[in-house]
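Colleague: Before I rely on the labels attached to this model, I would like to hear the reasoning behind each of them. Could we take them one at a time?

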Amino acid sequence: MSELKQSRPKGTQDFVPPDSERRLQVGATFRRLAETYGYRAIITPTFEHTAVFVKSSGETSDIVTKEMYSFKDRAGRDLTLRPEGTPGVVRAVLENQVRMPCRLYYVGPCFRYSRPQKGRYREFGQLGIEALGEAGPLTDAEVIFLGGAFFGSLGISDCRTQVNTIGCRECRPAHRDALRTYLLERREQLCEDCRLRIERNPLRVFDCKVETCRQAARDAPTPRHYVCPACKAHFEQVLANLDRRGLPYDVNDRLVRGLDYYNRTTFEYISASLGAQDSLGGGGRYDYLVEEFGGPATPAIGFALGLDRALLTAPKASVPARRELAFVVWLTEAEIGPAEKLADRLRADGIATQIDYDARKVKGQFKSADAAQAACCIVIGPDELVKGVYSLKNLATGEQREVPADAITAEVRKLFTEQDSRGLVPGTLES
Ligand SMILES: [Zn+2]
Ligand SMILES: [Zn+2]
C-alpha cells in the first residue's frame, strides 16, 4: 500500500462501521429519551459570533481564555466554533422568539482546543437538554434524573451523580467575600490563574487541578453554607425528589462547574471506570443567562453530556458478523434487469438491498456480499426466472433453498429474525 498523504488533525476522530453505527445509536437513544420527557429538537449553527460565548461562559473561564477555536472570516467577523451548546441555544430561542416555557434538546459536535487524552477530543459530541422557563426544584430533579436514566439505558452501571447548590444573586456575594478573604490569605499557594480568579471569580478556584490550589481549596468556605433560606429550601426539595425517585447521589460542596452562568443547583455524572477524566457530563441552573442575552427574565436549567465518554464507558456489544442486508446475485447479464427490479422491490418494502454491478462472476458477487456483511444472498439465474423462484442463501449457515418469487420479502424478513438471535446488527438506524 502506498503511504498515506494526510492523517486526521490531532484531537479529532474517525468513525468507521460498525463504530459509526454505534455512535449514531447512542445519539438516537438520547433523542428518544429526551422526547419522552417532552423535549424537542433544536439545531443551531456550528459557529457563532465570538461574543455569544464570551458573554455567557464568562471572560475568565478556561473555555474562553484558552480553548476556543476562534477565527476571522474573510469579511473580518470574529467567529468561534461552538465550545458548548447552551449559549447558541439561548441566542437562537431569543432570535426566533420561541415561545417559553420550552424544553429543547440537541445532539452535535463541539470544539475545544484542549490537550487530547482518553475520552477527551478537540472535536467531541455533545448531547444536551435545556428547560427554559421552569423555576421549580422538581424540574431540577427531573433533569438530573433524565441524565441518570440515559446512562442507565446505555448499560453504564457505575455512574454516580454529584449535586450541589451555589446560591443566587442574593446570597452569593456573602460567600464570595468570605472565599475571597480566605484565598487572599493563601495567595502564595495559588497558581497564576487562581490569583487572577480571586478578584474576578473566586468560585473557580474549586475547579483548579493544580495540587497546591486543591490543597488551599480544601478548607475554603463552600457556597452551600452561605445560601439564603430560599436557595436552601430549593436544594432540599431537589434532594428529596431525587430520594423519592430512587436516584442515588452524593452532595459535593466543591462542585461549582467552570462556567459563569450557573446558579443554585449544579450537578455532574461521574464514572469510576474513566479514571482521572471521570466526568460523563453535567449541568446546572442558569436563571440569569436569558436576561444577560437581552431576553426576559427566565429561569432555566440544562445539562450537556459527552457522547465520546458515554461511548467509551458503555459496555460494548459483541460485534455482529452480519447485517440486516440482502444481496441480490445475478448469474448472467440477462438477469441484471430482473435483479435490479427485485432489489428496488425489496427496498420499497424496507429491506436494505445491494447488488454488485461490477463483478462478472458469481464468485466475485458472493465475495462482495461477504465484504458487506450481508445476511443473505438472493440468486437469480435463467432457471429461477423460468420457474418463478429465487434461491435464498443464508450466509451465516450456508443453507440455501428455493423461495417462491412472491414470498421473497417475507422469507428475507424471517431470515433476518432467525439471525437476529445470534446478534445481527439492526439495519434501520436513526441519526
Ligand atoms: Zn440564594
Ligand atoms: Zn490554581
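Modeller: Let us begin with the word domain, whose bounds here come from an automatic or database domain assignment. On that footing the chain of this predicted model is divided into domain 1 (19-169 + 227-313), domain 2 (172-224) and domain 3 (323-414). The centres of domain 1 and domain 3, taken over C-alpha atoms, are separated by 48 Å, and the C-alpha trace of the chain spans about 90 × 55 × 40 Å along its principal axes.

Colleague: What makes Cys168, Cys171, Cys228 and Cys231 the residues that coordinate the zinc ion (ligand 1)?

Modeller: A donor is an N, O or S atom within 2.8 Å of a metal such as this one, and the SG atoms of Cys168, Cys171, Cys228 and Cys231 lie at 2.2 to 2.3 Å from the zinc ion (ligand 1). These SG atoms therefore count as donors. In sequence the donor residues are spaced C-x2-C-x56-C-x2-C.

Colleague: Why is the site of the zinc ion (ligand 1) called tetrahedral?

Modeller: Four donors earn that name if all angles lie between 85 and 135 degrees. The angles among the four donor atoms of the zinc ion (ligand 1) are 101 to 116°, so the site counts as tetrahedral.

Colleague: Why can the pair Cys168 and Cys228 be said to tie together parts that are apart in sequence?

Modeller: Cys168 belongs to the loop between strand 7 (159-165) and helix 6 (172-185), whereas Cys228 belongs to the loop between helix 8 (211-218) and helix 9 (229-245), so the pair links parts that are 60 residues apart in sequence. Cys168 and Cys228 are both buried, a term that stands for under 20% relative accessible area.

Colleague: Why is strand 7 described as largely enclosed by the rest of the structure?

Modeller: The description follows because six of the seven residues of strand 7 are buried. Strand 7 pairs with strand 8 in the parallel sense over three bridges, while seven bridges join strand 7 to strand 9 (residues 263-271), which runs antiparallel to it. Two strands pair if at least two bridges are found between them, so both sets of bridges qualify. Among the residues involved, Gln162 has Asp250 in strand 8 as its bridge partner, Val163 stands opposite Val251 in strand 8, and the bridge partner of Arg160 in strand 9 is Ile270.

Colleague: What makes strand 1 (40-41) and strand 8 (249-251) edge strands?

Modeller: The open sheet of eight strands has the order 1-5-6-11-10-9-7-8, with mixed pairing. Strand 1 and strand 8 each pair on one side only, and are its edge strands.

Colleague: How do you know that the largest nonpolar core lies between domain 1 and domain 2?

Modeller: That core has 39 residues, and those with the most contacts inside it are Leu132 and Leu190; its largest share, four residues, comes from helix 4 (residues 86-95). Domain 1 and domain 2 both give residues to this core, so its place is between them. Leaving aside neighbours within four places in sequence, Leu190 is in contact with Leu183, Arg195, Ile198, Val205, Cys213 and Ala216. A second, separate core of 36 residues includes Ala34, Tyr249, Leu280 and Ala310.

Colleague: How many of the 431 residues of the chain count as buried?

Modeller: The share is 50%. Among contacts between residues at least 6 apart in sequence, 71% join residues at least 24 apart.

Methods:
Residues are numbered from 1 along each chain as its sequence is written. Chains are lettered from A and ligands numbered from 1 in the order in which they are written. This is a predicted model: local features need pLDDT of at least 70, side-chain atom pairs count only at pLDDT 80 or more; totals for chains, interfaces and linings use all residues. Side-chain values use heavy atoms; hydrogens and water are left out. Donors are N, O and S atoms within 2.8 Å of the metal (3.2 Å for Na, K and Ca); water is not among the atoms, so sites may look incomplete. Four donors count as tetrahedral if all angles lie between 85 and 135 degrees; four count as square planar and six as octahedral if opposite donors are over 155 degrees apart and all others between 65 and 115; anything else is irregular. Helices (H or I, at least four residues) and strands (E, at least two) are DSSP runs, numbered from the N terminus. Buried means under 20% relative accessible area, exposed over 50%, partly exposed in between (1.4 Å probe, protein chains only). A nonpolar core is a set of buried Ala, Val, Leu, Ile, Met, Phe, Trp, Tyr and Cys residues joined through side-chain atoms within 4.5 Å. Contact means heavy atoms within 4.5 Å.
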